[in-house]
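Visitor: I am new to reading protein structures, and I would like to learn how the words used for them are justified. Could you take me through this one, step by step?

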Amino acid sequence: MFLLTRPDRHAIQQFLDDRANDQFSYPEIGATASEVPPGYNIDHNRVTLGVGTEVFEQAKTAIRDWKMFDLGWVELINSGTSIEIGQTVAILVSHYGFYSLNAARIVYTIDEPTRFGFAYGTLTEHGEIGEERFSVEYESDSGDVWYDIFAFSRPAALLAKIGYPISRSLQRAFAKDSKAAMQRAVRKVKNS
């Protein structure tokens, strides 16, 4: 949903309430966990967050708290949403003088000894079609902790199709800023 002004909390809550029975906008639900389907843009971005199990625990907390969305120009509504399959979130994006409000639902979660995170998929009220996985990984041999974003997408909304280069630019900016947000979140905890 593209908007000329920022929606108020009531409008955003109504948007979320209206999405309660919404369907996914793509058939390949859960594909970020296995084989990515053809016909989509693939984006894979990683950044190291530090070394050691303490950093891994901090990174897991940052994922649970949705810190990867602390970007300034992207706002997750509601950042207190628990990381559970079926939870729906709204993502408010401010770009180029207007706003877009998009809906996504958690498809699966990851809670393994060396990996933690989740993937969400786009609902019918989203400018894009696809799925995105946010995870942190602990490499036991080196001790390195990584933040990993993996997504497949293609434009859904007419404005996203018309402005395809802009849409791709926003996706790249999101990945870059999201990696920096996770680095800040882990550093902030380490320095406390």
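**The pocket, a helix and a contact**

Guide: In this predicted model, strand S2 (41–51), strand S4 (88–95), strand S5 (98–111), strand S6 (115–122), strand S7 (128–138), strand S8 (144–155), helix H3 (158–162) and helix H4 (164–191) each give at least two residues to the lining of the largest pocket. The largest share of that lining, nine residues, belongs to H4.

Visitor: What makes a residue one of the 38 that line the largest pocket?

Guide: A lining residue has an atom within 4 Å of a point of the pocket, and 38 residues line this one, with His126, Glu128, Ser167, Leu170 and Gln171 lying nearest its centre. The space in the largest pocket is about 780 Å³, and its lining is made up of 19 nonpolar, twelve polar and seven charged residues.

Visitor: How do you know that the length of helix H2 agrees with its number of residues?

Guide: The expected span is 1.5 Å times one less than the number of residues, so the twelve residues of H2 (residues 53–64) should span 16 Å, and the 17 Å between its end C-alpha atoms agrees with this. The buried residues of H2 include Val55, Phe56 and Ile63, and just after the helix Trp66 has a positive phi of about 60 degrees.

Visitor: Why is the pairing of the Thr88 and Arg105 side chains called a polar contact?

Guide: A polar contact needs N or O atoms within 3.5 Å, and the side chains of Thr88 and Arg105 are joined at 2.8 Å, so the name applies. Thr88 lies in strand S4, and among the residues it touches are Leu16, Thr81 and Leu123.

Key. Residues numbered from 1 in each chain as written. Predicted model: local features only at pLDDT ≥ 70, side-chain atom pairs only at ≥ 80, totals over all residues. Heavy atoms only, no water. 1 Å grid on protein atoms, 1.4 Å probe; cavity = no way out; pocket = protein on both sides within 12 Å on 5 of 7 lines; lining within 4 Å. Points joined across faces, edges and corners; volume = space filled by probe spheres on them. Helix = DSSP H or I, 4+ residues; strand = E, 2+ residues; numbered from the N terminus. Nonpolar A, V, L, I, M, F, W, Y, C, P; charged D, E, K, R; others polar. Buried < 20%, exposed > 50% of the residue type's maximum accessible area, 1.4 Å probe, protein only. Polar contact = N/O pair within 3.5 Å; in protein donor to acceptor, adjacent residues only side chain to side chain. Contact = heavy atoms within 4.5 Å. Lists of a residue's contacts leave out its neighbours within four places in sequence.
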